[in-house]
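Thank you all for coming. I would like to take a few minutes to walk through one structure with you, so please have a look at it before I go on.

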Amino acid sequence: MRFIDLFAGLGGFHIALKRLGHTCAYASEIDPLLRDLYKKNFGIYPHGDIRSVKAEDIPEHDILCAGFPCQPFSKAGKQDGAECPRWGNLFEDHVLRIAKAHKPKYILLENVPNLGRHNNGHTWDHMKKRLSEFGYSVDSKLLSPHQFGIPQIRERMFIVGSRTGLAKFNWPEPSNAPISIKSILDSNPKEAKPLSEQVIKCLNVWQDFLDRAPREEELPSFPIWSMEFGATYPFEDITPYALGNRRLSRYRGSHGIMLSTIVPASRFDYLPSYARSSKPQFPDWKEQFIRQNRDYYRKNKEWIKSWLPQILEFPSSLQKFEWNCKGEKRDIWQLVIQFRASGVRVKRPTTAPSLVAMTATQVPIIGWEKRYMTPQECSRLQSMESLSHLPNTPTRAYRALGNAVNVDIVELIAKSLIGAISSKRTSKAFKLAVKPATISAFPTQANAEVNY
């Protein structure tokens, strides 16, 4: 069959459908660098902005594939949805426009999990209704690579549509096989970026925190916000903003600094960034995290007070810490680490953190080799190891891989939805069984890491 690859990126849909023997008839991608790479990898030069393409100029095809931009629906963005001025209309005005004009037999789409929850589910309900109006039976499901033997937790919403019904379609059955990030790592690769002295110093400070924490007690499961250690500013019934700068003089700010020693006009700057909200009350989750951190400090003040000065030299994002390794040995250097806006996150060496459109500082860190993951290793997490060409700088490669669709998952779904003509390669995932689909309004939340 012939397929088109919209918002093609690195070509994840292309690789998966080609493995099954299908042929790409058309591709579009707005990024000039990725268009050049697509030509090098697949021999097809994609059209640019799909918004400028007439539907009648797109070749006839049987399968429409699209990983349309997720910014309008992502929890990390503003969640403007269909009202997003740049991207929000891409599904309605362009994916549907092309589907209406060509009536392909099948539709295969991918987006962030929050698409199904956006606007209390109304956005996804509208999309389903529109696809149904064009003659498609539709189903959706949240799936993550870690469910299929790939060591990455990265939940995404997959959508399938068929003009002949979905009675014979089955969603891939997740595997319970053990996984390890070490299965996709190279040993001390020469091209890997080493950790800077500043990063090593910061991680050693948090290692010292772990070493001092009482062994007989579990480490906190909530995010550790060190700026709450010694802070007393109000947070439950009123926010600092609602209280006002002058009345803040009675309280202590970040890391216990006396706000009376700060001129009134600058006191707000000495609060944690998350406490500078102009709202009259904090949300419940924020109140809970602040309360938990202050309780932890009161209980452990004796050893925390002597540790605290070490963390003050680092940016505020590195003054927060998440221990996602309950039961593991308290050794950061044997674990997987990621620096995020939410803090220093430490994970077991079983799976990689979710690949997102990462900056260089957000790339997962391999603690036992004191280095960042390489683009080649990240490509394996997206089942894209077969690509001959990646972007020519690590920063661009990480961003493109973070925006990519996982090839093995698409291959599994497409094989059940469409079938294989002559499979070029059998992925690890094809050793798994499949289970019957349920044509439900929205899938059940999978047990996977939430992306902030």
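I will go through the sheet, then a helix that lies against it, and then the pair of helices that pack together.

Please keep in mind throughout that this is a predicted model.

Let me begin with the sheet, which is open, consists of six strands in the order 2-1-3-4-6-5, and has mixed pairing. Strand 2, residues 23-27, and strand 5, residues 137-143, stand at its edges with a single partner strand each, so one side of each of them has no neighbour in the sheet. From one strand to the next, the twist averages 20°.

At one of these edges, strand 1, residues 2-6, pairs with strand 2 in the parallel sense over four bridges, and within that pairing the bridge partner of R2 is T23 in strand 2. At the other edge, strand 5 and strand 6 run antiparallel and are joined by seven bridges, with S137 having S162 of strand 6 as its bridge partner. Although strand 5 is an edge strand, it is mostly covered, five of its seven residues being buried.

Part of what lies against this sheet is helix 10, which touches strand 4, residues 106-111, as well as strand 5 and strand 6, residues 156-162, and whose direction makes about 20° with that of strand 6.

That brings me to the helix pair, and to the question of how helix 1 and helix 10 are placed relative to each other. Helix 1, residues 12-19, and helix 10, residues 407-417, pack at an angle of about 45°, with their axes 8 Å apart, and the two are therefore oblique to each other. Their crossing is right-handed. On the side of helix 1 the contact is made by G12, F13, I15, A16, L17 and R19, and on the side of helix 10 by V407, D408, V410, E411 and A414; by class, that contact has seven nonpolar, one polar and three charged residues.

How much of helix 1 is buried? Seven of its eight residues are, so helix 1 is largely enclosed by the rest of the structure, and the buried ones are G12, F13, H14, I15, A16, L17 and R19. Their cover includes strand 1, strand 2, helix 2 at residues 32-42, strand 3 at residues 63-66, strand 4 and helix 10. After helix 1 comes G21, whose phi is positive, near 95°.

Definitions and conventions: Residues are numbered from 1 along each chain as its sequence is written. This is a predicted model: local features need pLDDT of at least 70, side-chain atom pairs count only at pLDDT 80 or more; totals for chains, interfaces and linings use all residues. Side-chain values use heavy atoms; hydrogens and water are left out. Axes are lines fitted to C-alpha atoms, for helices over the stretch in contact, and angles run from 0 to 180 degrees between N-to-C directions. Angles under 35 degrees count as roughly parallel, over 145 as roughly antiparallel, 65 to 115 as roughly perpendicular and the rest as oblique. A crossing is left-handed if the near helix is turned anticlockwise from the far one by less than a right angle, and right-handed if clockwise. Contact means heavy atoms within 4.5 Å. Ala, Val, Leu, Ile, Met, Phe, Trp, Tyr, Cys and Pro count as nonpolar, Asp, Glu, Lys and Arg as charged, and the others, Gly among them, as polar. Two strands pair if DSSP finds at least two bridges between them. Buried means under 20% relative accessible area, exposed over 50%, partly exposed in between (1.4 Å probe, protein chains only).
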